[in-house]
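Visitor: Could you take me slowly through a single part of this model, and explain each term as you go?

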Amino acid sequence: MEQLLGGDIPEGLRCDIKSLSTLSGVPRATLYRTYPHLKQEFEQRLGRLRKARGEPDPRIAQIDRLQEEVAQLRRRVSQMNHELAAREEFRATALSRLAAQHEEIISLRRQLQDVTTRGLRVAPSR
């Protein structure tokens, strides 16, 4: 029990009743039927240990940390995709406005060319 609660967990085992029965050499059913007080004591000590110091199994703590990191990265990717979509929309709007302004400039140049080809002079602007 001390080995598991101390964080010295052998490969392939976890900090749980099944691992406790494996390390003790006692079948799990026997632990449940014959030694329920030991099972209850283990669970209580494990609960107190988790409240005081966190998870005694470093692998579970690492899994929890990595899951949180993955969730944060997913949120960042989602935010970046949202920003990218907004930028693409802005780009499309800007290109549309530029195209409209270009068409307006071409139209005004044609009008100016029509006026000058008819022999009229354009008064200089002040």
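Guide: What follows is a close look at one helix, with its surroundings described before and after.

This is a predicted model, in which local features need a pLDDT of at least 70 and side-chain atom pairs count only at pLDDT 80 or more, while totals for chains, interfaces and linings use all residues. Residues are numbered from 1 along each chain as its sequence is written, and side-chain values use heavy atoms, with hydrogens and water left out.

The protein chain has five helices and zero strands, where helices (H or I, at least four residues) and strands (E, at least two) are DSSP runs numbered from the N terminus. The average pLDDT of the protein chain is 81, and 79% of the residues score at least 70; pLDDT is the predictor's confidence in each residue, from 0 to 100.

The part to look at closely is helix α4, which covers residues 36-53. The expected span of a helix is 1.5 Å times one less than its number of residues, so the 18 residues of α4 should span 26 Å, and this agrees with the 25 Å between its end C-alpha atoms. The buried residues of α4 are Lys39, Phe42, Leu46 and Leu49. Seen down the axis of α4, these buried residues fall within an arc of 95 degrees, so they line one face of the helix; the arc is that of the directions from the helix axis to the C-beta atoms. The face turned away from that buried side carries Arg48, Lys51 and Ala52, which are exposed. Here buried means under 20% relative accessible area, exposed means over 50%, and partly exposed lies in between (1.4 Å probe, protein chains only). For the protein chain as a whole, 13% of its 126 residues count as buried.

To set α4 in context, turn to helix α5 (residues 58-117), which has the highest mean pLDDT among the elements, at 93, whereas helix α1 (residues 2-5) has the lowest, at 56. Within α5, Glu69 and Arg65 lie four residues apart, about one turn of the helix, and they form a salt bridge whose closest N and O atoms are 3.7 Å apart. A salt bridge is a side-chain nitrogen of Lys or Arg within 4 Å of a carboxyl oxygen of Asp or Glu. Glu69 counts as partly exposed because its relative accessibility is 38%, and Arg65 is likewise partly exposed, at 47%. The structure holds two salt bridges, and Arg75 forms one with Glu68, with the closest N and O atoms 3.4 Å apart.
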